[in-house]
Amino acid sequence: MDMLNDPELAAFRDEIRTFLSEHLPDELHRAASRATSVFMDPAVSLPWQRILNARGWAAPDWPEAFGGPGWNEAQRYIFAAECARAGAPNLAPMGLKMVAPVIMHYGSPDQQAHYLPRILSGEDYWCQGFSEPGAGSDLAALQLRATPDGSDYILNGSKIWTTHAHFANRMFCLVRTSNEGKPQAGISFLLLDMTSPGITVEPIRTLAGDHELNQVFFDDVRVPQANRLGAENEGWSVAKHLLTFERGGKYAPGLIGRLERLRAQAGLDAVQRARATREAINLRALQALEIKAMRGLGGSTALYASALKIMGTDSAQRIDSLACDIAGHAAWAEADGQTSAELAIAVPRYLNDRAASIYAGSNEIQRDLVARILLG
Ligand SMILES: Cc1cc2nc3c(=O)[nH]c(=O)nc-3n(C[C@H](O)[C@H](O)[C@H](O)COP(=O)(O)OP(=O)(O)OC[C@H]3O[C@@H](n4cnc5c(N)ncnc54)[C@H](O)[C@@H]3O)c2cc1C
């Protein structure tokens, strides 16, 4: 990265590197290297979050006023790159990266004071209740009904594909509060307690055999109206704000680390080496675009968010295919204890990552958004 020509940033990089070498426990490093999903189990992500939080580094993107470290964009990118290089666990994005920025933007001072410190410490673990059986790409079709009753809403309906709902004690949720006008106009954004009576979480097992998804049922669930973020029927704007944080981000650091580990495996044939080299070049381009987006050098935030989501997830899936080809039979032979972690997880990771081009809004929808922004 060219920015490392700056001596201050190079010193910052060294500080992070030293911290990681001294504080990342072996067992968390090992567990992260065996993770088959970007959504790591909270038994792995939360201990690491607590270690980072003790140093003030759990939320690099947060403003200092809310507990962020006060880093500039370049420092934040370097931090992400160094964490990926060291093989540190991914932190769950639902609280730190998704709902926190909207609480900062739309939340009342009371909501900010209540929720943000609990997100930082990991005391609250969040899930995202947007999709429903009849509302995915067409999210505005959502029907989970919230009926006012005194100072509460009463919720009935269901959410689906809810990542880590079985771990979460909080959900940020889109609900229908009106059927008047355009579908987008009758949606509100609620913060709710997953232990509320009437909530049932049912597991959905994926192709890869993982349990990270759920369907969540709401049967006369009471939620205080004070838990609404933003005005009633204006939740669509809150959701759109949140989605730019869900889609944008830093794909390149983690993918560069993965690709480097694959290239270091013994026995790559000439074609595999050429594929790895081509992907390394793609990742350089992705990294350049991420740095440009981070510095706000032209183009809309929404355009970058969609473009980076497409490029990052397409690249992840190409790397998955390459990993499976390199692994061959080794991927199935983990029991002999000889297979490297990278190859041992190649197939489950490939299967899990099929979803990457679907979640956070499918890549087809992102291409539509890019076209609409660029072509008007
Ligand atoms: C692993 C995983 C985790 C998820 N986690 C969460 C979560 O935590 N919380 C949550 O709320 N949701 C979550 N989702 C749901 C995700 O956001 C939706 O699956 C996604 O938005 C697509 O919606 P859908 O599944 O209903 O597919 P559909 O909308 O039915 O789409 C089916 C296919 O048609 C294509 N398509 C649809 N409309 C168009 C169009 N206009 N133009 C071109 N192609 C189109 C889509 O690209 C897709 O290929 C998750 C999904 C997955 C797979």
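Which residues does Thr-163 touch, not counting residues up to four places away in sequence? The legends below concern a predicted model, and the first of them takes up this question.

**Figure 1. Surroundings of Thr-163 in the loop between β3 and β4.** Thr-163 belongs to the loop that follows β3 (152–160) and leads to β4. With residues up to four places away in sequence set aside, Thr-163 touches Phe-39, Met-94, Cys-127, Glu-212 and Leu-213. The relative accessibility of Thr-163 is 15%, so this residue counts as buried. Gly-95 stands 68 residues from Thr-163 in sequence, and the two C-alpha atoms are 12 Å apart in space.

**Figure 2. The cysteines Cys-127 and Cys-173.** The model contains zero disulfides under the distance rule applied here. Cys-127 takes part in none, and the nearest cysteine sulfur to its own, that of Cys-173, is 8.5 Å away. Why is the sulfur of Cys-173 not bonded to that of Cys-127? The closest cysteine sulfur to that of Cys-173 is in Cys-127, and the separation of 8.5 Å is too far for a bond, because a disulfide requires the two sulfur atoms to be within 2.5 Å. Cys-127 counts as buried, with a relative accessibility of 0%. Cys-173 also has a relative accessibility of 0% and counts as buried.

**Figure 3. Arg-170 in strand β4.** Arg-170 is placed in β4, the strand that spans residues 170–176. Is Arg-170 buried or exposed? Its relative accessibility is 11%, and Arg-170 therefore counts as buried, the limit for this class being under 20%. Apart from neighbours within four places in sequence, the contacts of Arg-170 include His-114, Tyr-115 and Arg-118. Asp-124, Tyr-125, Trp-126 and Cys-127 are also among the residues in contact with Arg-170. Leu-192, Asp-193 and Met-194 are further members of this list.

**Figure 4. Met-194 in the loop between β5 and β6.** Met-194 occupies the loop that connects β5 (187–193) with β6 (199–204). A relative accessible area of 9% makes Met-194 a buried residue. Leaving out residues up to four places away in sequence, Met-194 touches Cys-127, Ala-165, Ala-168, Asn-169, Arg-170, Met-171, Ile-199, Val-201 and Val-216. Asn-72 is 122 residues from Met-194 along the chain, with 35 Å between the C-alpha atoms.

**Figure 5. Gln-317 and its contact with Asp-353.** Gln-317 is part of helix α10, which covers residues 301–327. The side chain of Gln-317 reaches the backbone oxygen of Asp-353 at a distance of 2.8 Å. When neighbours within four places in sequence are excluded, Gln-317 is in contact with Asp-353, Arg-354, Ala-356 and Ser-357. Gln-317 has 11% relative accessibility and counts as buried.

**Figure 6. The crossing of helices α1 and α4.** Helix α1 comprises residues 7–23 and helix α4 residues 73–86. Their axes come within 10 Å and cross at roughly 35 degrees, and the crossing is right-handed. On the side of α1, the contact is made by Leu-9, Phe-12, Arg-13, Ile-16, Arg-17 and Leu-20. Helix α4 contributes Ala-74, Gln-75, Ile-78, Phe-79, Glu-82, Cys-83, Arg-85 and Ala-86. Of the residues in this contact, nine are nonpolar, one is polar and four are charged.

**Figure 7. Positive phi values at Trp-161 and Asn-233.** Trp-161, in the loop between β3 and β4, has a phi near 65 degrees, a positive value in a residue other than glycine. Its relative accessible area is 49%, and Trp-161 is partly exposed. Asn-233 is found in the loop between β8 (228–229) and α7 (235–247). The phi of Asn-233 is also positive, at about 70 degrees, although this residue is not a glycine. Asn-233 is partly exposed, with a relative accessible area of 23%.

**Figure 8. Ala-226 in the loop between β7 and β8.** Ala-226 lies in the loop that joins β7 (213–224) to β8. With a relative accessible area of 62%, Ala-226 is exposed. Ser-33 is 193 residues from Ala-226 in sequence, and the C-alpha atoms of the two residues are 42 Å apart in space.

Key: Residues numbered from 1 in each chain as written. Predicted model: local features only at pLDDT ≥ 70, side-chain atom pairs only at ≥ 80, totals over all residues. Heavy atoms only, no water. Buried < 20%, exposed > 50% of the residue type's maximum accessible area, 1.4 Å probe, protein only. Helix = DSSP H or I, 4+ residues; strand = E, 2+ residues; numbered from the N terminus. Polar contact = N/O pair within 3.5 Å; in protein donor to acceptor, adjacent residues only side chain to side chain. Contact = heavy atoms within 4.5 Å. Axes fitted to C-alpha atoms, helices over the stretch in contact; angles between N-to-C directions. Left-handed = near helix turned anticlockwise from the far one by under 90°. Nonpolar A, V, L, I, M, F, W, Y, C, P; charged D, E, K, R; others polar.
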